[in-house]
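Here are my notes on the model you sent, set out as numbered points. Please read them with the structure open beside you.

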Amino acid sequence: MHRLYPILLLLPLFACGRDPLSVKEISVATEMPADGLEAAELADGATELLPAHEDLTFRLSYLLGENAGARLMLQGRYAIDLEGITLAGGAPRLPATLSAGVWHDLEVVFAAGKEASPPIVTELYVDGNLMHYQQPLAEAGATRPGPLTVERRGEVTIKELRYAKVAGTGSRMGSSGDVNLTIPLLAYRSYALPAQTEDFRGWEVTTPTKRGYAGRFDILDHHPGSDAYAIRYEGQLDVPKAGRYVWKLWGPTLARLYIDGEEIVGKPGQPTYEAADSLELTRGVHEVALEYVNRGGWHPIEVAYRYEDQEERYLNTMERDKQIARPAGTDPVAIKTDDRPYILRSFLEFPTPKVYAEAKKRTHVVSVGEGDGPHYSVDLQSGGLLQVWRGPFADVRDMWVGRGEPQVMRALGPAIAFDGAMQWAADPEPAWPNRPELPDEDDFQHEAYELDDRGRPTFTYRFGSARVTDKLTPTEAGLTRELSISGGGADGYTPLAVADEITEVAPGEFVLRGPGARIRIDAYDGEGLFMQVSGGKDRLIAHLGDRGILRYSLDW
């Protein structure tokens, strides 16, 4: 019989040994990933967060108290409302059902106004969810630099501000001296052409069919919808190291690459598939343009470079064997939910990728939705809770329409995403194990799930010689999760949460930042808690031994 006790009864029972709700800290030395951003110093209650800026990319965490509100002001004049996540009157792409009293993460990419282009927020994410995409804030025209400021109403906390004065991700030098080139933002114009057009050079005298900003030379997404078409990309490349660069174009159609107005590589089109040339470049900013003319059909383009004797790399294109993350469409095929859970097997892009970043798929995902939520997704390969959300359930357009590419479901509400590592391990001391690439590479296996009388599943797994179960139940506040282990003599450890920062506010109660949530242990008959600090993350781990139950509440 399981030793399952309410929290209030735990402390006396363990008075002679370690308090099971006490937290022992473990430090694991791992390298923190670089993000290319600079940390800003924030004074308590400061109005000015950053000095005058033009283009800007920044990330921060914020916490709004009850009935509190705040507006960030880009260049001191363009408002981002942190309650409703609105921009210049524009509604967010997902419903902004954000809770007060919970930390939220904000990331913004802003391109300042130029003579021929408006100030624009090209991407805005809250808790990793794309809320605005290519949202102009005013008419075209250059504006003077101004500071990033905040207007507060009530109790508002801002921390961990990191920034770069570019719109997007720029070039950088690797730790071993290798050169990694990236144009942080590309402006593109695409033009529908008459069939079998051989060439096109009317970029400045013809009205484009489609225009916008992007982080990739993504022909598939940026073409104007006609069989024959032309696209011109323009951007600024900040070269971090002078030297000889070899440039290469690959593709079956006409293309021209310009640097500082000079044509470096030109491809006349079929049947020439590859062309290359070299150029000495100075350190600093260079103007880059790519012209692409297609007589018909769907054709790709790849732009590559090689610095001196280093290996060849791609410039703002994705390798052929990788998946590009594109923004979800605005016409979802929505699964409607009622009071009976809907159990959906699917692929899921996870970790949630930024637009035009590499998208990696989880292929053994089950998402469970009912009513207006909370809904959740679990990975049957790792046993991990991947994401939770409220509001509408799932968009299955990419699964059920056309050829079903990229075969993924998308949450229709803003999701809180977790780390997706293994749910169980035999030791809390080393770095926590990642999910294996293939299901048969680990001693953790999904066996089945069983439905209760409400239609809610309990997932069962084999962990070594032990049996573990996982049951998630929606509540008014969020979710209750119950994890158990039994049999086989295995010693089991399982994480409750992984976040940038986990703060204990009372015995068995914790506040998370990055992602923002609250956790309360409701029942636990295990042998103690651990806080593993590794790679800039906190991981709260419970020791259940070879037989035990952990039940906790998750609120966000």
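1. Does D127 count as buried or exposed? The model is a predicted one, and in it D127 has a relative accessibility of 13%, so this residue counts as buried, the cut-off being under 20%. D127 is found in the loop between β8, which covers residues 120-126, and β9. Its backbone also deserves a look, since phi of D127 is near 55 degrees, a positive value in a residue other than glycine.

2. E308 can be read alongside that residue, for E308 also has a positive phi, of about 50 degrees, although it is not a glycine. The place of E308 is in the loop between β22 and β23, the latter spanning residues 313-314. With a relative accessible area of 32%, E308 is partly exposed, whereas D127 is buried. As background, most residues other than glycine have a negative phi, and most peptide bonds are trans.

3. Two cis peptide bonds should be checked by eye. One joins F350 and P351, with omega at about -5 degrees, and P351 is found in the loop between β26 (342-349) and β27 (358-359). Another joins G373 and P374, with omega at about 5 degrees, and here the proline, P374, lies in the loop between β28 (361-369) and β29 (375-379).

4. E302 lies in strand β22, which runs over residues 302-307. This glutamate is buried, because its relative accessible area is 7%, under the 20% cut-off. The side chains of E302 and Y314 are joined by a polar contact of 3.5 Å. Once neighbours within four places in sequence are left aside, E302 is in contact with K248, L249, W250, Y314, T317 and R320.

5. L42 is placed in the loop between β2 (38-39) and β3 (48-53), and with a relative accessible area of 28% this leucine is partly exposed. Not counting residues up to four places away in sequence, L42 touches L49, I158, K159, E160 and L161. The pair L42 and E160 shows how the fold brings separate parts of the chain into contact: these two are 118 residues apart in sequence, while their C-alpha atoms are 8.2 Å apart in space.

6. Turning to the interior, the largest nonpolar core has 50 residues, and those with the most contacts inside it are Y376, V388 and L550. A second, separate core is made up of 39 residues, including Y233, L237, I264 and L315. To follow one member of the largest core outwards, V388 touches H375, Y376, P414, A415, I416, F418, L479, L554 and W556, again not counting residues up to four places away in sequence.

7. What empty space is enclosed in the model? The count comes to 2 cavities of 30 Å³ or more. About 170 Å³ of space lies in the largest cavity, which is lined by 18 residues, with L385, F418, Q423, R481 and L496 the closest to its centre. Strands β38 (492-499) and β44 (548-555) are the elements that give two or more residues to this lining, and β38 supplies the largest share, 4 residues. By class, the lining of the largest cavity divides into 12 nonpolar, 3 polar and 3 charged residues.

8. The second largest cavity has a volume of about 120 Å³. Of the 15 residues that line it, T97, L98, P414, I416 and W556 are the closest to its centre; among these, P414, I416 and W556 are also touched by V388. The lining of the second largest cavity divides into 8 nonpolar, 5 polar and 2 charged residues.

9. The second largest pocket has a volume of about 1200 Å³. Its lining consists of 41 residues, of which D218, L220, D221, I324 and R326 lie nearest the centre. At least two lining residues come from each of β9 (129-136), β15 (210-214), α2 (219-222), β24 (323-324) and α3 (397-400), and α2 gives the most, with 4 residues. The lining of this pocket has 16 nonpolar, 7 polar and 18 charged residues.

Terms used. Residues are numbered from 1 along each chain as its sequence is written. This is a predicted model: local features need pLDDT of at least 70, side-chain atom pairs count only at pLDDT 80 or more; totals for chains, interfaces and linings use all residues. Side-chain values use heavy atoms; hydrogens and water are left out. Buried means under 20% relative accessible area, exposed over 50%, partly exposed in between (1.4 Å probe, protein chains only). A polar contact is a pair of N or O atoms within 3.5 Å; within protein, one must be able to donate a hydrogen and the other to accept it, and residues adjacent in sequence count only if both atoms are side-chain atoms. Contact means heavy atoms within 4.5 Å. A nonpolar core is a set of buried Ala, Val, Leu, Ile, Met, Phe, Trp, Tyr and Cys residues joined through side-chain atoms within 4.5 Å. On a 1 Å grid over the protein atoms alone, a cavity is a set of points where a 1.4 Å probe fits but cannot get out, and a pocket is an open set with protein on both sides within 12 Å along at least five of seven lines; lining residues have an atom within 4 Å of a point. Grid points are joined across faces, edges and corners, and a volume is the space filled by probe spheres set on the points. Ala, Val, Leu, Ile, Met, Phe, Trp, Tyr, Cys and Pro count as nonpolar, Asp, Glu, Lys and Arg as charged, and the others, Gly among them, as polar.
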